[in-house]
Amino acid sequence: MVTQARCEALEEILAEAEKLKMYRLDGVTYCEKCDNLVVRIQSVLEDVNVEELSADEIEILKAIKEKVISEEVFAESSSILRNPKEWLGTLNE
């Protein structure tokens with residue numbers, strides 16, 4: 001994939017990552033959007049060596065990573081909040 005096309009694809013993925021929080025109310029749609037994002041990232045970076053990435057592409061990837069980590073934190077915390085067993089803690093507390 002040519003650098004310019006790859007950069008454009010990464011920018012599109014970043015835009016999608018920024019929209020993920022809009023889908024949080026519907027778990028099924030949220031999971032589908034997250035899965036789609038992962039598949040797109042994998043397809044764009046499938047045959048790419050780190051040395052081939054431009055500085056712009058690296059910055060976009062860092063921004064995508066930041067968004068994905070933020071969504072992962074949300075997903076983990078909301079999972080804990082939805083599970084009453086997690087509210088009780090351990091018997092030793």
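A residue is called buried under 20% relative accessible area, exposed over 50%, and partly exposed in between. The legends below all refer to a predicted model.

**View 1. C34, a partly exposed residue of helix α2.** C34 has its place in helix α2, which comprises residues 27–45. Its relative accessibility is 22%, and because this value falls between the two limits, C34 counts as partly exposed. Across from C34 in this view is E72, which stands 38 residues apart from C34 along the chain, with 9.8 Å separating the two C-alpha atoms.

**View 2. The aromatic pair of Y30 and F74.** The count of aromatic pairs comes to one. Its members are Y30 and F74, whose rings meet edge-to-face, with 6.1 Å from centre to centre and 75° between the planes. Since Y30 belongs to helix α2 and F74 to helix α3 (residues 55–82), the pair ties together parts of the chain that are 44 residues apart in sequence. The two partners fall into separate classes of accessibility: Y30, at 9%, counts as buried, whereas F74, at 21%, counts as partly exposed.

**View 3. R24 over the ring of F74.** The ring of F74 that takes part in the edge-to-face pair with Y30 also has R24 lying over its face, at 3.9 Å from the ring centre. F74 is thus shown here with two neighbours, R24 over the face of its ring and Y30 as its aromatic partner.

**View 4. The buried face of helix α1.** Helix α1 covers residues 3–19, which makes 17 residues, and from its first C-alpha to its last it reaches 24 Å, close to the 24 Å expected at 1.5 Å a residue. Buried within this helix are R6, C7, A9, L10, I13, L14 and A17. Seen down the axis of α1, these buried residues fall within an arc of 160°, so they line one face of the helix. In an α-helix there are 3.6 residues a turn, so residues three or four places apart point the same way.

**View 5. The whole chain, as the setting for the close-ups.** The protein chain has four helices and zero strands, and along the sequence these follow the pattern α-α-α-α. Of the contacts with a separation of 6 or more, 69% are accounted for by residues 24 or more positions apart. Buried residues make up 22% of the 93 residues, while the chain exposes about 7100 Å², of which carbon and sulfur atoms supply 56%.

Note on methods
Residues are numbered from 1 along each chain as its sequence is written. This is a predicted model: local features need pLDDT of at least 70, side-chain atom pairs count only at pLDDT 80 or more; totals for chains, interfaces and linings use all residues. Side-chain values use heavy atoms; hydrogens and water are left out. Helices (H or I, at least four residues) and strands (E, at least two) are DSSP runs, numbered from the N terminus. Buried means under 20% relative accessible area, exposed over 50%, partly exposed in between (1.4 Å probe, protein chains only). Contact means heavy atoms within 4.5 Å. Accessible areas come from the Shrake-Rupley method with a 1.4 Å probe; for residues, only the protein chains shown count as cover. The expected span of a helix is 1.5 Å times one less than its number of residues. The arc is that of the directions from the helix axis to the C-beta atoms. Rings of Phe, Tyr and Trp (its six-membered ring) pair if their centres lie within 6.5 Å; planes under 30 degrees apart count as stacked, over 60 as edge-to-face and the rest as tilted. A charge sits over a ring if NZ of Lys or CZ of Arg is within 6 Å of the ring centre and within 35 degrees of the ring normal.
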